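Thanks for sharing this one. Here are my notes, set out point by point so that you can follow them with the structure open beside you.

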Amino acid sequence: MVDVLMAILVAGFTSGALYALATVGLSLVWGSMGMLNMAHAAMLTLGGYVAFTVITSLGLPIAIGFAGAILAGAVAGAILYFAIVRNLLKNDKSTFEANVMIATVGIGIALENAILLTYGGQPLKQPVSIAGTFRLGPLTLPWQNLLIIAVVVVMMVVVSLALGRTRMGRAIRATAQNRDAAQLMGVAVNRVYLQVLMLSGALAGICGVMVSSMTQLSPPLGNDPMLKAFIMCVVAGLGNLPGAVAAALGLALFESFVQYALGARWGFPSLLFVVIAVLIWRPSGLFGRAEIRRM
Amino acid sequence: MTDTKPMSRISRSARTDLAISLVLVAAAIALPFMVDSRYILGQIVLALFYATIASQWNLLFGFSGIFSLAQMAIFAFGGYATAMLCFYFGWNVWAALVPGALGAVLFSLAVGLACLRLTGVYVALLTLAIAQTMYLLIVTDTECFVMVGSVCRQFTGGAVGFARFGDLGTRALLRAQWLVGNYAIIAVLFAVTMVFTYAIVKSPIGLAFRALKDNPGYAVARGVNRFQAQLLVFGISAFFTGLAGGFYAAHFQAIGPGVLSMSQLMFIIAIVVVGGVGTFWGPLVGTVVLVLADELMRESGEFRTLGLGLIIALSVVLMPKGLVGRFGDLVHWLARRRAKLTDAKPIDSNIVQSPAPAGK
């Protein structure tokens with residue numbers, strides 16, 4: 001019984017950590033620029049494949065693979081800014097929200113398909129993985145899960161330090177709170193947007209490596225964690241980072257319990273049911289600012 | 001004199017719309033006589049389905065500002081409901097079409113009750129999640145519901161879907177020319193859908209939908225109930241979407257979870273975006289352009305999806321109002337140029353003072 005409970009908890013915490021990383025990347029972009037990045041899933045996949053290329057094809061050490069994934073994500077974010085976001089910001093502000101979502105959907109499809117054309121559809125093995133388990137008294141923990149949780153915790157600390165302690169973080173937070181006021185105070189809002197997209201791309205890159213190390217590399221890799229990250233964002237209230245992490249962990253634990261109790265099939269539907277129940281009760285999310293979406 | 005009075009009440013844009021639709025009807029009637037390739041006619045029927053779904057998504061998103069991503073789910077619901085009524089109860093397809101569409105309306109109202117309290121991207125995310133859930137539940141359905149011969153059938157048809165539950169009866173009636181018959185039926189479906197959509201858009205309730213889209217705060221302050229109005233438009237568009245789903249299942253004599261895939265939804269969105277969001281003819285223009293582009297890209301096979309994604313992104317960036325919007329800009333620009341030219345001419349036409357030259 002304890003074994004089963006432990007297995008569920010380990011699975012729940014691992015996927016929760018992964019969802020949290022994906023959710024934070026999305027939520028950061030939404031919070032500071034009111035943009036829902038539908039290409040985030042493809043950026044996740046990109047990170048996983050770049051790490052694979054660097055480590056397996058070029059034979060470089062794992063650390064460089066990680067760095068490559070981070071870099072690829074950041075570059076993808078920068079390209080997204082220069083090709084799409086900057087142009088759409090010039091248009092009417094009221095249409096930005098929907099337009100950027102549709103445009104990033106297009107970019108996401110194109111990127112996923114480009115990966116499919118480059119690497120083929122067959123699943124590949126992500127080299128960033130550690131075999132073996134770790135014994136702690138009566139418990140056995142796979143090293144892989146511990147690695148993922150550790151990486152995610154480190155990334156969370158890095159992000160919160162970057163947002164809380166640096167000049168860039170202060171500018172991002174100011175833009176998120178009030179874009180116009182920040183601009184009037186001399187914050188280069190456009191540069192903040194670029195930084196946010198690059199940061200979120202880098203997070204997506206790492207997240208992709210971690211997700212693929214749990215399963216396998218395949219072009220639609222990012223879609224499943226992304227869909228869950230979306231609804232976790234919605235539960236937490238879009239743009240709320242600590243809330244997003246809490247929602248991700250809570251919902252992931254709930255999901256793994258449901259998957260154990262009712263079968264894997266019902267994991268996602270029950271998650272959705274909880275989300276809808278929460279939203280009927282609190283339309284702007286559990287921790288969302290009440291004013292944003294209420295009519 | 002008295003005869004012309006009601007005529008003058010029809011606005012110029014309405015007369016243009018009428019002229020366009022008359023031309024389209026004539027073209028639609030002429031089409032089967034000019035096209036004798038089965039493949040092309042089949043693709044045209046498929047394009048008519050796309051145009052029908054896209055026009056309803058445009059009614060939701062373009063005219064009412066509801067960013068729903070459950071459009072294909074509602075379409076699939078209509079198709080599945082029709083197919084299942086025929087498959088399990090042995091109904092005639094024609095009898096099952098309207099109940100299927102009403103089933104889709106009920107489904108959409110349930111979705112709407114859950115989602116329409118929210119606005120903007122929250123609606124998009126929740127409806128996307130609902131559509132994906134529906135897909136996952138259908139694909140992973142492995143429990144036997146009935147045995148057909150020695151083959152186990154799932155209640156939802158599983159990953160395979162339903163097939164051979166009946167057709168529109170055109171094969172028995174027209175034999176070799178059955179495709180022309182189906183083309184006529186689907187063309188009528190599209191025409192009826194467009195007429196109803198036009199009536200809704202131009203009606204007072206259509207104005208309420210548009211007001212909610214353009215300025216929700218003001219519309220609500222003027223007494224429009226946002227939740228009720230949006231639920232209403234959700235249900236209306238679901239009826240035609242579901243009906244199209246039923247006809248789709250009947251035309252292909254099959255329906256499977258494939259219609260729920262992300263790429264199908266993206267194709268519909270691309271049609272509306274390329275054609276022009278919030279314009280009446282946009283979905284039709286977008287369908288023609290994208291189906292043609294899709295056929296051209298078929299040559300380059302594997303780059304189709306890549307190209308489609310880039311087309312979506314580029315058209316959002318380059319022409320936010322789509323082709324119809326760009327065409328309107330062109331007409332305006334030409335009119336202004338002509339106004340400028342006549343303005344610059346000497347004053348020999350001073351009898352007709354052109355009303356406030358726009359170039360000023």
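**Notes on the two chains**

1. Let me start with the layout of chain B in this predicted model. The domain assignment of chain B splits it into domain 1 (19-259) and domain 2 (261-342). Between the C-alpha centres of these two domains of chain B the distance is 22 Å.

2. Next, how the two domains of chain B touch. The contact joins 20 residues of domain 1 of chain B to 17 residues of domain 2 of chain B. On the domain 1 side, the elements that supply two or more residues are α3 (38-63), α4 (71-89) and α8 (178-202) of chain B. The largest share of that side, 12 residues, is from α3(B). By residue class, the domain 1 side has 14 nonpolar and six polar residues, with no charged ones.

3. As for overall content, chain B holds 15 helices and four strands. Its C-alpha atoms fill a box of roughly 90 × 55 × 50 Å along the principal axes. The radius of gyration of chain B is 23 Å, which agrees with the value near 21 Å for a compact globule of 360 residues.

4. Chain A has 11 helices and two strands, and along the sequence they follow the pattern α-α-α-α-β-β-α-α-α-α-α-α-α. The globule rule gives 19 Å for 295 residues and the radius of gyration of chain A is 19 Å, so chain A is as compact as a globular protein of that length. Along the principal axes, the C-alpha trace of chain A spans about 60 × 50 × 35 Å.

5. Now the contact between the chains, which takes 34 residues from chain A and 35 residues from chain B. On the chain B side, α6 (120-139), α10 (216-221), α12 (262-275) and α14 (304-318) of chain B each give two or more residues. Here α6(B) provides the largest share, 12 residues. What is the make-up of the side of chain B that touches chain A, in nonpolar, polar and charged residues? The residues divide into 25 nonpolar, seven polar and three charged.

6. Within chain A, have a look at helix α5 (residues 143-165) and helix α6 (residues 167-177), whose axes come within 5 Å and cross at roughly 80 degrees. That crossing makes α5(A) roughly perpendicular to α6(A). The residues that meet are A162(A), L163(A), G164(A) and R165(A) in α5(A), and M168(A), G169(A), I172(A) and R173(A) in α6(A). This contact of α5(A) with α6(A) comprises four nonpolar, two polar and two charged residues.

7. The helix α5(A) also packs with helix α8 (residues 189-214) of chain A: the two axes come within 10 Å and cross at roughly 170 degrees. The pair α5(A) and α8(A) is therefore roughly antiparallel. From α5(A) the contact uses Q144(A), I148(A), V151(A) and M155(A), and from α8(A) it uses L203(A), I206(A), M210(A) and S213(A). Six of the residues in this contact of α5(A) with α8(A) are nonpolar, two are polar and none is charged.

8. Finally, a word on confidence. The mean pLDDT of chain A is 84, with 95% of its residues at 70 or more. Over residues 290-295 of chain A, pLDDT stays under 50, and the model has 14 contacts beyond four places in sequence for this stretch. Where pLDDT is low, predicted coordinates should not be read in detail.

How values were computed. Residues numbered from 1 in each chain as written. Chains lettered and ligands numbered in written order. Predicted model: local features only at pLDDT ≥ 70, side-chain atom pairs only at ≥ 80, totals over all residues. pLDDT = per-residue confidence, 0-100. Contact = placed C-beta atoms within 7 Å. Domains from an automatic or database assignment. Nonpolar A, V, L, I, M, F, W, Y, C, P; charged D, E, K, R; others polar. Axes fitted to C-alpha atoms, helices over the stretch in contact; angles between N-to-C directions. Parallel < 35°, antiparallel > 145°, perpendicular 65-115°, else oblique. Rg over C-alpha atoms; globule rule 2.2 N^0.38 Å.
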